[in-house]
Structures are given as structure tokens and as C-alpha cells.
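Student: Please take a close look at one part of this assembly, namely the way in which one chain meets its partner. I would then like that part placed in the context of the surrounding chains.

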Amino acid sequence: MSGFLLTAAETETPVAAAGATDMLLVTLLVALPLAGFALTALLGRRLYTKAWVIAVPVMIVTWLIGLYVIAQALGGAYGEEGLHFTLYRWIPAGDFTVDAGFLVDGLTAALLIVVTTVGMLVHVYSIGYMAHEPGRWRFFAYLNLFMFSMLLLVLADNFLVLFAAWELVGLCSYLLIGYWYKRRSAALAAKKAFIVNRVGDVGFGLGIMAIWTTVGTLNFHEVFEALPEAGLEPWMITGIALLLFAGAVGKSAQFPLHVWLPDAMEGPTPVSALIHAATMVNAGVYLVARTSPIFAQSPFAMLVVASIGIFTAILAASIAMTQTDIKRVLAYSTLSQLGYMFAALGVGAYFAAIFHLMTHGFFKGLLFLGSGSVIHAVHEEQDMNRMGGLWRKIPITHITMLIGSIAISGIPFFAGFFSKDEILGESFKLGFGWVWFIGVVVAVMTAFYMFRLMGKTFYGPSHVDPHVADKIHESPPTMTIPLILLAIPSMFLGVAIGWPPEGGLIHQWLGPVFHEAEELLGHELEPYAIFGIDGFLLGASVAVAIVGMVMAWRYFGFRVPLLGAEVQPRARRVEVLTERFRGWYDASFHKWWFDDLNHLLFVRIGGAVAAALWWFDVNIVDGAVNGVARLTQGTGREIRQIQTGRVQNYALGIAIGLLVVAVSYLVVTPR
Amino acid sequence: MTNLPILTLITFVPLAGALLIAFLPRGRPDLARWAALITSLVSFVLSLLLLPAFEVGAPGFQFKEQADWIPAFGIQYKLGIDGISLALVVLTTTLSWISILASFGPIKDRVKEYMISFLILEVGMIGVFVALDTFLFYIFFEIVLVPMYLIIGIWGGANRIYATLKFVLYTLIGSLLMLVAILATAFSFQALNGGNWAGAFDYEQLRGFGFDPGFQAFAFLAFALAFAIKVPMFPFHTWLPDAHVEAPTAGSVILAGVLLKLGGYGFIRYAVPLFPDAAVTFAPAIIVLSLIAIIYGAIVALVQPDLKKLVAYSSVSHMGFVTLGIFVFQQQGLEGAVLQMVNHGVITGALFLCVGVIYERTHDRTIARMGGLAAPVPVYAALLGFFMLASLGLPGLSGFVGEFLVVLGTFDVMPGAAFVAMLVVVLSAAYLMWMFQRVVFGELSDFLRGIGHHLTDVTPVELLTLTPLVALTLLLGVFPGLILELLHGPVNDVIAAVSGGTVIAR
Amino acid sequence: MTETDLVAISPLIFVIALAMLIIVADIIWPDRDDISTGLTVAGLLVGAGLTVLVAQSEAREIFAGAYVVDPLTSFLDVLFLAIALVTVLVAPDYLRPRGLPMAEFTATLLFAISGAMLISGSRDLLVLFLGLELLVLPGYMLAGYAKRDGYSTEGAIKYFLLGSFSSAIFLFGLALTWGFTGTTRIREVAASLAQLDTASALAPALLMGLALLTTGVAFKIAAVPFHYWTPDAYQGSPTPVTGYLSVGPKVAAFALILRLFVEALAPIKADWTPVVIVLAAITMTLGNLVALTQDNVKRMLAYSSIAHTGYIMVGLAAYAGAPVGSEAERAGLEGLLFYSVAYAFMNLGAFAIVSALQHRRGVTSQIETFAGLGRRAPWAAILMTLFLLSLTGIPPTAGFFAKAYVVLAAVQAGGWVSVLAVIAVLNAAAAAFYYLRVVVFMFMRDPPETARPVLTGTMMRAGLAITAVMTIFIGLVPPVTSGVIEFARVAAEVLLVRTAGG
Amino acid sequence: MSGSLQSYLILSALLFAIGTFGFLARRNAIAMLMSIELMLNAVNLSIVAFGAFIPALRGDAAIIALMVMAVAAAEATVGLAIVIAIYRNSRTPLVDEYDRMRQ
């Protein structure tokens, strides 16, 4: 093998500020889950009931390594540029080369915190949640594969490896949504998720190509350095940014590619928590944050990001208000929160976006796992209309979910409060009043739907199936302990890294990463003034959150004298409310008919087009081919007739032939 | 290496095997099977021996063998390989033994004849890739037809005769016109060379000869038609679904895995470097046709009711990338095109094997009758899923890199075309996943329930045929450099040819 | 006339003597088919040996320039003798079950061959005509050889009537040419024509003569639209005769063309070139189109042989269309000769298989009789496939090289002739359909219930072996290929040197 | 002088045409055979005419004419044999009824 294996593996010497140990550990960070996947998948059924026996320990070790790497990165051990090294040359195609390389900087570390922690907790949680699933080795294998992909995604040092990981997480999402493959809805949802994601990936892929054709490299640092000097037309930068953003829209389920995420709830709940709340769906946010130096060069692209983000936020929140499936409410909530993050990215509030990403990762993970626990308790029932009054029966779940709800609603001192407030505040202060305004409306709606959820699930009258009602019990410790562990950051993460505003740890960590973009944007923020504009904004946020909560409580909670007298039975009041806003209710309940539109466009019309093309293929294209063949044979059959079998006719033919030849000699010859 | 004529050995070992099998007793099909397998394995191992000995980056062709054949016209028996041929030769030898092994079970009738046909087929296929004489190339190109004709026609499905005649006639029309062009090229060379026939069929001499532009147009069109039918490009593709549907499993594997590559290889080896000016002239048209093939094939694949037809139309789509990549005349595009050929060979070959596995058990390929295979045959479902993912271009598996490079190369030259080609990312996911959902997911269909205990998971033999392809798919997805490194030199030559780097021979 | 003249022409004399000897032997030992057959085979081999012995590298004129022994003569004679040999080997298995005697058959055949050999070296219009008559008269008899078979006699009378008709036409053409040029010697005819003012139009009488000659030879080679007799005569004749008729008289007629048109009428080739081109195009196209629709293999092969006439004519057209003195002229003639050799063997082989299938009486050559041949008689089926592939022009068979040869020549000639090249290959593709259809029946259909195994005698096997070996070897074994090419080249060269010499 | 050669040639052409017409028009095999004889004789007339009017050809002409007659006789022999054979089989001398093989 002399020549080519060596050349293939030949790589440039990695530039590293840190030692080989760190590089090895970072490599292990992705290698371990991959190995866990491979082992679990290969051993498969032979793991019997202890399907988790490889996957979960692997994940815990990965988490520990992750903690170390995070500490190193955030502790400044890797310098401002971060740890950057290359494993091998993945694609050597002439002047197009892509290395399988890793980059660990502040942004990576911030993501790692969420990914490894939530990932590890979901793994543990799944031991309990999936305990009764016969083929759960598959589940754990997929989970490990997902961790591998997700870690690769955040660790990638160039666009193409990121893209690869991007697709791989999409694959895992597909596999896990379709975990209960016998359920048609699950299979359809899985497919839908993947395909809709791929729509975005068309843009992402083209964006990558555009970057390479303009600057000749795909390495993040090199691209960001080269791009401003490449002398590109503004429209080209905008084009690149929007193409990349298309990918983000798909992966983070922003309008108009948001339709897959609610359906993705067909997957097991731990999956919803891990992939569709805490990690994968954040990849879009991560991408835009990572490429902030590109976006920052195009005001138009930024505007698009902000618009799409805030529009998705309000759209999803409006839908969340009327859904009855507990997981779907959370899914739309996730959409809405992701919309916040994009809005933040669009206005240039990068720190706030990542900050919210982190807090959201924890509290939404918590909420999903909590909902899983609830669903478990009521025997796999997800319809909130068949729940109610559960708060005494599953107290740990109840408390932790309450913490999560408070966090997401933006009640002061819980995690979400800080991050959301930072987004809204910065939007306002950066001149995006409309973003702020819509954001505030969304905040009301958020509080409302979250407490509607809490009310219908835990506080309102019980509609639980009587057969089930007696058997309801709290989930096992493997499930409750992760809930508790997630509740802690949901309470304290905000204050821990986000206080003081614009000076918290998060700003220190991410400062170097966003430095370039901030400079390009040239944003000048006034210092934080708690007794000035900031205080006003903060007050507004808190106020609307409380309004939303109280409204929800009035319709869906149990009676608390202070919060208003109960005039009618609750169900009746909800009906009245529904009737009053019938049109809005229908729109919300039917998710603004996006699914129907898509069905019409892609299934009906698309299907008809495909069928028509097939008809075209069989009858026209192939028809032409067969037509030529038939024509040939037909001609043969006609010509055959001249062979009459009669000598006279033959002789006549010869005589005519002779005449023709003679005439041609006498008349047509060249001379 | 020594002076061992290794390319000749690789090419003709299967022929020796075929002759051997011809003299085996008729009543012992097992002997024929094993003889064929061993022969193809010998050829395979020999082709693997090329890998360490091959000098990456060395210019020109290696392992050259040269002997006069018909001196009166300067026709030679001349073999040699460069990186492109090497990759495709190894692909061929690999798929050959896999196909033969995969035929052990399904082929029960006239095993002897089948194995002989298959081995002769292998001779032709390898020959095409190693020939360096246009006449010799043509001969190998045509030899392939006969055994394939028999394989589809004798061991195929119900409508096999229609399909096989269509396949042969369609291919013949193209290739015979190419023969005219080959002869005309040789004559043109000879005439410009002072009436000397020496080298008139020698690829290395013809390449860069710089034919008259008017002549190039004619010759290029003739070559291109032959290859376009073989690839097949839209609108010359309609023989493919028919042939695939009727062919036995192994036939489909070879058809998709190797035969289609003859077209792509022909473009990159002959049509473009020999007639670069004409290639540049016609490139826009071919690019448009490629784009149509890519999108059209994928859309039509969506609504196919038959598994094999679906994969066949997906081949049209995937092979569109090959022609697209070649005719953007850009390094990434060209390297991607060759890589795509190898990948498509592996992946689509494997997909056909997978279809064959289920057909063996159910004698049906109708998607609508399938459903819920995941539960009774999990290993099978996993393998099908794996290759489905590879086929839709999942990064990390081999399908991705080739397609990406092709689109990248296209983007470099004409971004609009790249956008169109990129749409297939969605479409391929749609048709493959929809197929997968209907076949593998859901409750077990009534039809399959009727199959009962015959619906067994993959047998060890089937596993043995699929595992190497799984490994290759992974290997080439993670280390595409293994192939790509081979391609830089040859691809640069092609680019040099079209970018006016032609040397007018004197 | 000298002794050396007799030596030079000894192969011809030998064949005629052999024919007479067989008649005598049959009188002495009646009903001993083996004797006549054995004699013929041995005699033909000796004759071939003689031909090689007397072969000349230079043209050697004898009988005061009426006959010539040159490489072309040798080339054609060897081919004729080989055709006769294969025919004789294939015949007994067919004739015996039908009670048809071998002796008359072989004698008649040998007379016909002697006529062909007379044509091959003829340098005199009169000798040419004599040779032609000597060729075709036994041919009529052979066609009607199964005299109790209505098909055979029907084919024979059509062949005879139309053949005589065309002979008369041809003769009138010869007479006009002779009268116009004032000589029967081919060399002098050419010289006389060469002196004509090339710019002015030819005399109408000469052109009329040319038209008559063209019609006459076009009939003999079965070019469309003078082909009508072919399908009926071929189908009706006993199959070994069909095999012979499809190659022997055809190649001989091409020999006639070489001697008459290429040698004598070369100076005015610009006049007959367009006709040849058009005839070639419609001949191959019509032959193939009609063959597509045939269900009787014998009749299908008859139409296919018309198509092959067209292919051979492409070689002629290449010669004709090429500029005088260019290499393409030679290439065209080489292609013609090479194609003739390849065609002779592959077509004889195909008819041999058809005849082997008719081993028992009453078996027709409907395509259904081929069903399942791959199971019933694998070797016969494989050989048939080989011949059919060769007729299609699939490498690496002789037919492929032959086709490549004429196509190459056509390409070299350029102009309209290169359009012929394209028409030729498109035809070949269409032809593949009906050839492969037989393969379909042999390998892809099950044999009928009543099918019995195919029996072949030793001689039939020998005949098949010869044709098969040649069909493969001409393509695949470099010395053989080169040998045939070299021989054809020398033969063609001689012809051209003389033409150029005037 | 050549004017009269021309007239002979025209006559022979006319005869030839009449023979051809006869061949085309008659259905009886024997009659067709006779038409062919007429055509051959027309040729012979032209040959003899050439011999008579062009001195250089005089010698050849006689030989050729005789040769043509011989050939005509041979042809007739074979022809009659075949006609007899087919008459035995199909009991009719009318050739347009021999059309079992066609197309």
C-alpha cells in the first residue's frame, strides 16, 4: 500500500496551544459515543434487558471528559482562538481539501455544557423511561450515535464537517422519531423531519459551496479572516449568509420549515427532550452564531434572521396556546423560544442568543422529561384533556416541571428570566423596537400556554381514565433524579452566568468568539442601567409574564381566592372564551393550516407532478423509443408486400429497376 | 512489479474460468458455482495486488502491456491503467465476485451457462477499463452486451425478452455509431500522419492529437451517444428500468454497478480528451441533460410501485451527477464524478442485492405489498436502511462526497446549475425514505404475513455479499481520499485537454 | 497456349475433372454416396493445395491474356473451394434422409464452382460471360434439386426464369460495351474507356450498356431492387444448397464486379458510383427491414443475405467513391474481399445449423423449431449464436471485423460514402433484433413437447467446426486476421495497379 | 455506315424490348422461356451487326454469336428440365400460380 494510504492520511501539523492530552480527550469526546453506538448496535439483542449497559456509562464518561474540556476552554487554557487541531485529511480533491478537524473555543464550550449535561441526564433518564421497551438496545444505540453526531457538530472546525454532523444529527433524529416504527404516524413524522431538514440543507450546502468558491477554504477561522478581504459584492455576502441561514431554518425549525418539529414528538419523550429541545434544534442557532462574522457583514441578512425569528416566535406561541397534546405544546414552545434566539442573533445580541440557548436547553429539557414522566404516569396518555389533578400524585415531577414553567415564563431569578430579558432588552436598545414589542407579546403568550399546560395537567379537575387513575405513581429514581438535576440549572444557571447583565460569565466566555462580529456591526451599547431604560424593560417583561400566568390560572388552575372568583365552571368559561375568539382559535388549533398547505403542495400537487412525469416517461420518452422500433417493423411489414411470390411482378420490378438505373445514368450522372 | 502481465491476467482469468466451467459435468451445478466464485476471487485478489504496486501521482498509465494485433491498421493489444481505471477495475472485480456469490441461491436453472456468461461479462467489463487501444476498447465494450443479454433474457423475469432486446438494441445503436467514429478517428489520425497507421488506434497517441473541429463534432457526438445511452442520460434512459426490473438480482447489481460506469468512463476517458473542442461546445447541452436526469429521475422514482424500478430511476438521477461532474470540466467536478461512479456502483449494487434478498423470499417487489419488515427481519431492515441512507447522500457514507464534489465543481462554474442539482438532496430523501417507510416501517403487511416462516432474515451468504459493501461504503465515506488521491493526475490531464492544453501532433 | 498456361489454370481444370470423375464413379458404384462425398472432399482439398501452389505474387496472364492468375484469383479460388468444401460436408445429413443422391449434387456443385473460378481470373468479357453461365446454370439445378418438393421446384423456376432474364440483360450490356470499345479483353476495354474525354458526356449506347451491366450484376449479387428471386429461391432450395447459393454465387458475382467494373469499367467509375452508393443503401436497409418481420429462419437468413450484399457493396462504394489513386480505393476493395470471406463462413455456418435441425424430414425452419435448442442441443445452439452474433457484427467475431473493415473504408472514402457507413451501422443495430430473436428462441423459450434431440453426423460436425473456427479465428487470432488482411490487400493491390496502369 | 449500324442496333433493342415484354406479359413458363430466347437473339443480332459494320470486330462477332447460341441452348435445357419438374409437382405451367413462397 506504499503510496496512497499514506498520502491520504497525510495532514498538516496541528497548531495547538494545548497539549496532546487535550487533543486526545477532545477526540475521545466524539469517539466514545461512536464506539458506544457501534458496540450496542452490534451486540444488539444480546444485551438483553440491560441494553443501556454500554451506552449510559459511555455517556457518563463522555460527560466527565466534556466537563474537563469545558473547564479548560472556559478557563482560557486554549487561548482566544481556542484549541484547534486536525485528525486527518477527509477530502483531498485538488485545491479543495477538507480536514477532519476540531475546534474548541468559548462558543463550543457553551454548547458542550448543554449537550453533554442534558445528554448524559437523558441517557440516565432513559434507563427508566424505556425499561419496558423490548428492543431498547436500538434506542440506546441511536442515542449514542446522536451524541457522537451532536458533539461532532459543535466541535467541527470547518463548514463541511459541520455539515456532515448536521446531517448525521438529522439522521439520528429520523431514527429516533421513527423509533416506534410500527406506528404509521411515527414513521411519517420521522420522514417528514428528515426531508424538511433537507430542504434547508439545500441552502446550507450551496452556502458552503459559495464560501469555497469565493474564499477557497472552509475552515472557520480562515473563512472569517479571508471573507472581509475577498472584496465580495454585498449581495454575495448576503447570498452566502441567507443560504447558510436556510440550513439553520431547517434544523432549528423556523418558519416556514417549522412543520416537522411538532410531528417529531412522535418519538420517545427522552428524544424530544434531548434532540428536539435541548441540543439538535439549537444547531441552527449555533450555526448562525458561529458564522456571525459573515452575517454581521450583511444588514439585510441580519434583518431576515431577526424577522424570521420573531415571526416564528409569535406564530408558534399562538399555536401552543390551543394544543391539547402535552408534548406538542412543548414543541411549539420550543419553536417559539428558538425564534427568540434567532431574533436575538438577528439584532446582534449574540451573547443573549447563546445565553438563552443554554438556559432553554436545560429548562426545556426538564419540561420534556417532566412531561415524559407525566405521560408515563398516566399510561402513555399525551392528551392533556385526559389529565388533570396530578400534582399530588407525582410530586417530584410536579415540582420540577413547575420550576421549568416558571423559568420559561420569565419569572425573575429563574434561568429563563435573565436570558429572555437580555434578548428583549438588547433588541430594544439596539433599535429593534418592533422585535421587542412582538417579543413581549410572545412573553405573555408563553406564560399563558405554559400555565395552561400546568393547569390542565396538574391542577385542574382530573379527566384521567378511571382505570388508570388508581395506578398512577411517581416515576423511578432514574427518571426523577435527572429531573431534579435539571431543575437546578433551570433555577440558577441564569444568575450564575448571566449576572451582572452584559458582564456575566457568558460574556467573558463568548467575548472572543463574537468579537469580530460585534466589531463589524459596531454596536455601541449604553451601560446597563437598572434604574433607567433597562429597569423599565425588565419591569415590562416581568409584568407581562405574570399577566399571562394569571390569565392561564383563571381558566385552567384550581381556585385560589386571591386570583379572582370562580363565576362559572371552568370548562364553560373556556368554551366561552373559545367561542369569542373562534377564528383565532381555529387558526391556532389548526396550526394556521401549514400542514394542510404542505399536504396540498407536496403530497397532492407534487405527487401529481411525479405521476405525470412518469406517464411522460413511459408514454412519451419510452413511447418514442418503442415507436421507432414499431415504425421500423411496420415499414418492414409494408415493404414485405412487394415480394408477391409471382415471377411476373418480380420481372417487372427488375425491368423498372433497369429503367431507373438507365435513366439515372443518362440523366443524373455527374458528367 | 515484475514483468508479469498482470492486467492481462486480471482480465482473462475469468475467461479461463469460463472455459473450465464449460467442461464441467452438467449435473454438478455446485462445481460450476464454486469454480466461478474462485475464478472471480482470483481476479479480485489480483486486482487488489495492483493497489500497493500502483504509483500514485506518476503521470500516464501504468502496468502497460503492448503487443501488435493487426499491424496493418496499427491496432494493438494495449493495456494500461491510471487512477481512474484502477478504481473502476477494483470496483468491477469486487462486484463480480459478490454478484456470483449472490447468485448461488437464486440461480438454480442452467447454472453452468449462467456462470460462464457472468465470467465472460467480467472479462468485458475489466477489459473496457484497462484497454488503451480504441479498437480493443470497442471490442470489450461490445463483448459485455452478449452475456448481459443472455443473463437478462434467460434468467430474468416475466417480460425479460422485451427488456433484454431493448437493452441490447438500444446499446448497439449507440455503440455502432461509436465504432464508425473510432474508425474515422483512426483514419483521421492516419491521414494527418502521412498515411501511417501506426498509433491510429493508440489511445495515448490519439489523445491530444488535436483533430479538426468539424470532425471532432461528429466523432464526439457519436461517442457521446454511445455513452449517453450506456450511462444512461435522459432521454436515453428508458431501457434501464425495464432491464433492471427483468434482470436477475446479480444482473441488476452488475448492470447498475459496473455497466453504467462504462458510459461514464467512456466520457471521461475517450469522448472528452480525444475531442476536447467538441466536448466544450456540447458541454452546455450535456449539462442541461444531466440536470434534467438528476431531477427527473428522482421525481419519477418517487412514484414507482416496484422496488427495482425505483432504484433504477434513482440510478438515472445519480448517474446524472457523473455526467454533470464530467462536463463542468473542473477538478472537483471531475473527481467527484469518478468517485460518484465508484460509490454508485457500491451503493446501488448493494441496494439491488437488498431487493434481491426480499424477492427471494416473497417473489414480489411491489412496494405496496410490503410493510413492517423491520420486525421480522431486523438485520435486513438495518442493511436496507444503511444503503438507503448511503444512496441519499448521508455524509460519512460514500455517496455524499462524490455528489458534493460534483455539485461543488458545478457551483464553481455555474451556480444556477448547482442549485438545481442540489434540489436532489430533498428529492432523494423523499423517494428513498418514502420507500423505506412503506417497506420497512409500519405493521407487517398482510401479504408478508402470508409468507409466514419463509420470511427469514438474511442468510450468512447474503450477509457475506452485503458486508463488504457496507465496509466499502463506510470506508469510502470516511476516507474518500483513498480514491480521490488516485484521480488528481488523470483529472488534471482531462482538464488540460479541454482548456486548450492540447498539443498539435506533428 | 503453352504448358505453363495449363499449369497455371490447373486448379480449374482439376475441379472440372473432379466433377466428371464423380459422375463416372457414380456410374461405376451407384448408390455409394460415401465415395462421391469422400472424393469431393479429398479433391477439394487437393484443389485448394493446387491453387496455393500455382498462386502467383504477380499477375500472370495466360491464354493470350484471356485469363490471369494473380493474387486476386488465388484469393477467390481458395474461398470458392472452401465454400464448396463446407457445402459438401454439410449436405449429406440433409440430403440422405430425403433420398437425394450425393453424387449429382457434388458434381453439379463442382461445375458451379468451376464457373466461379473461371470468373475469378477472367480477363475477357466473353470468358466472364461463360464463367457466369457456368456458375448459374448448375445453380438453378441445385435450387430445384429436391425435384419432388414443390417448394424446391418453385424456387428453382423463379430463380431460373429471373436468372435467365438477367443474364440476357447482362449479355446485352456486354455486347454494347464490346461494340463500343471494340474489344473483349478487359485490359483493352479499360484502356479504350480511359481515352475518352473525361469532361464530355459518354455516348448513350455506352451508358445504356452500363445500365444493363449494372442491372445484370446487381441481380446476381441480389441487390435491391433486383433481389426478388433471393428469398423464394433460398427458402425453397434444400438448405445446404441455400447455404451455398447465399455465398457461392454471391461472392462469384462480386468477383465478376471486381473484374468487370473495377478493372474494365474503372475509368468511368464516376458514372456508376452514385448508383452503387444508392443501391448499397437501399439493399442493406430493405434486406434488414423485411428480415425483421420474418418468422421462417431460412427466409429470414435469405433477407439477411440481401442485407449483407448491401454491406459488401459499401466496400465497393468506398472504392468507387474514393478519389482515384487514393488509399481508400484499396481499402474499399480490401473491405469487400475481407467481408466476403467472413460472410462466407458465418452464413454457411448459420445455414448449416438450420439444415442440421432439418435432419428429419418434415421439419420446417420456422423459428419455433429453434425453441429450447439451448437445452436440446447446446452445442448447436451455441454455434448458431456464434454465427448470428457474427452476422450481427458483435466482436470479437469475423463478422465484426468485416463490418469494421468496410465501415473504415467507407469512412476513408469520405463524402456520401461515409453516410453509407452510418446507414450500415444503423442497419446492423436493427438487424441485431432479428438475429437475436433466434437466440431468444434458442435460449429463452422452452422446447416444445414433441422436440427430439438434434442429430448431427461427423461430416456436419466437421463443416460446423470449419465455419465456427474461421468465424472466431478471423477475428481473434492475430496471425489469421493479418493473414486474411494481407492476402486481401495483395489481391486488391494487383487490381488497382492494373487499373492505374490502364 | 454507322447510320445503318445504328438502325440494326435499334432493331435489336426493339427485339430485346419485345422479348422483355413477352417475358413480363406471358404467364406460361414455356412462353417465358421463349421470350428469353428472343432477348438472347436480339443480343445476337446486335453482335452480328457490330461484326458486320466494324471490320475489327468481324472475327470476334461470329465466335461470340455462336457462343451465345450455345449458352442459350444450355439454358433452355436446364429451364425445360425445371419446368417439367415443377409441372409434375403442381400440374400447371402458369408461373403466377407458383406463389406458395412470398413476402
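Tutor: The contact between chains is treated below, followed by selected helices and local backbone features. The model is predicted: local features require a pLDDT of at least 70 and side-chain atom pairs count only at pLDDT 80 or more, whereas totals for chains, interfaces and linings use all residues. Residues are numbered from 1 along each chain as its sequence is written, and chains are lettered from A and ligands numbered from 1 in the order in which they are written.

Among the five pairs of chains in contact, the most contacts are shared by chains A and B, a contact being two residues whose C-beta atoms, placed from the backbone, lie within 7 Å. On this interface, 46 residues of chain A are in contact with 49 residues of chain B. Two or more residues on the chain B side come from each of α2 (29-53), α12 (276-302), α14 (331-362), α16 (398-413), α17 (415-422), α18 (424-440) and α21 (481-498) of chain B. The largest share of that side, seven residues, is supplied by α18(B). Helices (H or I, at least four residues) and strands (E, at least two) are DSSP runs numbered from the N terminus. By class, the chain B side has 35 nonpolar, nine polar and five charged residues; Ala, Val, Leu, Ile, Met, Phe, Trp, Tyr, Cys and Pro count as nonpolar, Asp, Glu, Lys and Arg as charged, and the others, Gly among them, as polar.

The helix α14(B), which contributes to this side, precedes a loop that leads to α15 (378-391) of chain B and holds H363(B). H363(B) has a positive phi of about 55 degrees although it is not a glycine. With 10 other C-beta atoms within 10 Å, H363(B) is exposed; a residue is buried at 20 or more such neighbours, exposed at 12 or fewer and partly exposed in between, with C-beta atoms placed from the backbone. Elsewhere in chain B, a cis peptide bond with omega of about -15 degrees joins V231(B) and P232(B), and P232(B) sits in the loop between α9 (213-230) and α10 (239-246) of chain B.

The partner, chain A, contains 27 helices and two strands. Its C-alpha trace spans about 120 × 65 × 60 Å along its principal axes, and 57% of its 671 residues count as buried. F413(A), in the loop between α17 (395-409) and α18 (415-429) of chain A, also has a positive phi, of about 75 degrees, without being a glycine. F413(A) is partly exposed, with 13 C-beta neighbours inside 10 Å.

Chain B has no contact with chain D, and their closest C-alpha atoms lie 24 Å apart. Chain D does meet chain C: 30 residues of chain C are in contact with 33 residues of chain D. On the chain C side, α6 (125-143), α7 (150-181) and α10 (229-236) each supply at least two residues, and the largest share, 17 residues, comes from α7(C). That side divides into 14 nonpolar, ten polar and six charged residues. In the loop between α9 (204-221) and α10 of chain C lies P225(C), joined to V224(C) by a cis peptide bond with omega of about 5 degrees. Finally, all 26 of the 26 residues of α11(C) are buried.
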